[in-house]
Amino acid sequence: TLTGKDLKGKILTSSNLASINLASSNLEEVDLHGADINKANLEKANLGKADLYLADLNKANLYLANLEKANLYKANLEEANLSGADLMQVNLYLANLHKATLMRANLEEGHMEEAILSVANLYKANLEGANLEKVKYLTADQIKKAMINRETELPNYLQATWSQNGELVEIKEVKAISPLPETYFSNIAKLGSIPLNPSARV
């Protein structure tokens, strides 16, 4: 176990950290580009400004983790637990959040263009000012459970109606949402895979 370890600024590119326990560890500004972190325990870890480009965080536990301004471009967060996590100004462009849990997560001003949000749990997630303009497979029911404001940029297939005092009146789907192709994730894995670096150490 590496619980509480200070790894600030360390280069862990393509490291194999699957199932590792890094709870409450300091991973601020760490380079985890292409790392295998699936099923890892990162509860309450500090990943502020960390580079997680193409990292595999499938089923990782990120409960109450700090991911403010982290780079999760093309990261795999399928079924990850991000409940209560701070993702303010995070980069989730093209990230996979299929079945992820984002209950009460702070995604304020987050960049989520073309991210996959199918079946993601957004209950009371803060999406105020977030860019959701090109997210995929997001439904009106998901958004109704989240917290948004007029600055939240919604995809063109969702339409919000606001009252004069700025309260959300209604949100509805104005265009049918295409079903998620069964081969989508296998194709993404082939395109985004990076050879792991067995020599990397924490």
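# Exercises on a predicted chain

The mean pLDDT of the chain is 89, and 87% of its residues reach 70 or more. Keep in mind as you work that this is a predicted model.

## Exercise 1: Confidence and layout

Task: find which element of the chain has the lowest mean pLDDT and which has the highest, and then place them in the order of elements.

Solution.
- Start with the inventory: the chain has 2 helices and 2 strands.
- Next, read from the N terminus, where the order is α-β-β-α.
- Now compare confidence. Helix 2 (residues 184–192) has the lowest mean pLDDT, 50, while helix 1 has the highest, 94.
- Finally, look at residues 189–199, where the pLDDT is below 50; this stretch still has 14 contacts in the model beyond near neighbours in sequence.

## Exercise 2: The tyrosines

Task: work out how many aromatic pairs the whole structure contains, and which tyrosines form one cluster.

Solution.
- A search of the whole structure gives 2 aromatic pairs.
- Take Tyr53 and Tyr73 to begin with: their rings are 5.2 Å apart centre to centre, with 10° between the planes. Planes under 30 degrees apart count as stacked, and this pair is stacked.
- Both Tyr53 and Tyr73 lie in the segment before helix 1 (140–145), so the pair ties together parts that are 20 residues apart in sequence.
- Then take Tyr73 and Tyr93, another stacked pair, with 5.3 Å centre to centre and 5° between the planes. Tyr93 also lies in the segment before helix 1, so here too parts 20 residues apart in sequence are tied together.
- Put the pairs together: Tyr53, Tyr73 and Tyr93 form one aromatic cluster.
- Check accessibility last. Tyr53 is partly exposed at 23%, Tyr73 is partly exposed at 24%, and Tyr93 is partly exposed at 29%.

## Exercise 3: Two salt bridges

Task: the structure holds 2 salt bridges. Where in the chain does the Glu28 and Lys8 pair lie, and how many residues apart are Lys144 and Asp141?

Solution.
- The side chains of Glu28 and Lys8 meet at 3.9 Å, N to O. A salt bridge needs the nitrogen within 4 Å of the carboxyl oxygen, and this pair is one.
- Glu28 and Lys8 both lie in the segment before helix 1, so their pair ties together parts that are 20 residues apart in sequence.
- Glu28 is partly exposed, with a relative accessible area of 23%; Lys8 is partly exposed as well, at 48%.
- Turn to Lys144 and Asp141, whose side chains form a salt bridge at 3.9 Å, N to O. These residues are 3 apart in helix 1, a separation of about one helical turn.
- Both Lys144 and Asp141 are exposed.

## Exercise 4: Around Asn41

Task: which residues does Asn41 contact, once its neighbours within four places in sequence are left aside?

Solution.
- Locate Asn41 in the segment before helix 1; its relative accessibility of 23% counts as partly exposed.
- With those neighbours left aside, the contacts of Asn41 are Ile20, Asn21, Leu22, Ala23 and Asn61.
- Pick Ala23 from that list: Asn41 and Ala23 are 18 residues apart in sequence, yet 5.7 Å apart in space, C-alpha to C-alpha.
- Follow the side chain of Asn41, which reaches the backbone nitrogen of Glu43 at 3.2 Å.

## Exercise 5: The whole chain

Task: what share of the 202 residues is buried, and how much area does the chain expose?

Solution.
- Buried residues make up 45% of the chain.
- The exposed area is about 9900 Å², with carbon and sulfur atoms supplying 46% of it.
- Of the contacts with a separation of 6 or more, residues 24 or more positions apart account for 12%.

How values were computed. Residues are numbered from 1 along each chain as its sequence is written. This is a predicted model: local features need pLDDT of at least 70, side-chain atom pairs count only at pLDDT 80 or more; totals for chains, interfaces and linings use all residues. Side-chain values use heavy atoms; hydrogens and water are left out. Rings of Phe, Tyr and Trp (its six-membered ring) pair if their centres lie within 6.5 Å; planes under 30 degrees apart count as stacked, over 60 as edge-to-face and the rest as tilted. Helices (H or I, at least four residues) and strands (E, at least two) are DSSP runs, numbered from the N terminus. Buried means under 20% relative accessible area, exposed over 50%, partly exposed in between (1.4 Å probe, protein chains only). Contact means heavy atoms within 4.5 Å. A polar contact is a pair of N or O atoms within 3.5 Å; within protein, one must be able to donate a hydrogen and the other to accept it, and residues adjacent in sequence count only if both atoms are side-chain atoms. Accessible areas come from the Shrake-Rupley method with a 1.4 Å probe; for residues, only the protein chains shown count as cover. pLDDT is the predictor's confidence in each residue, from 0 to 100.
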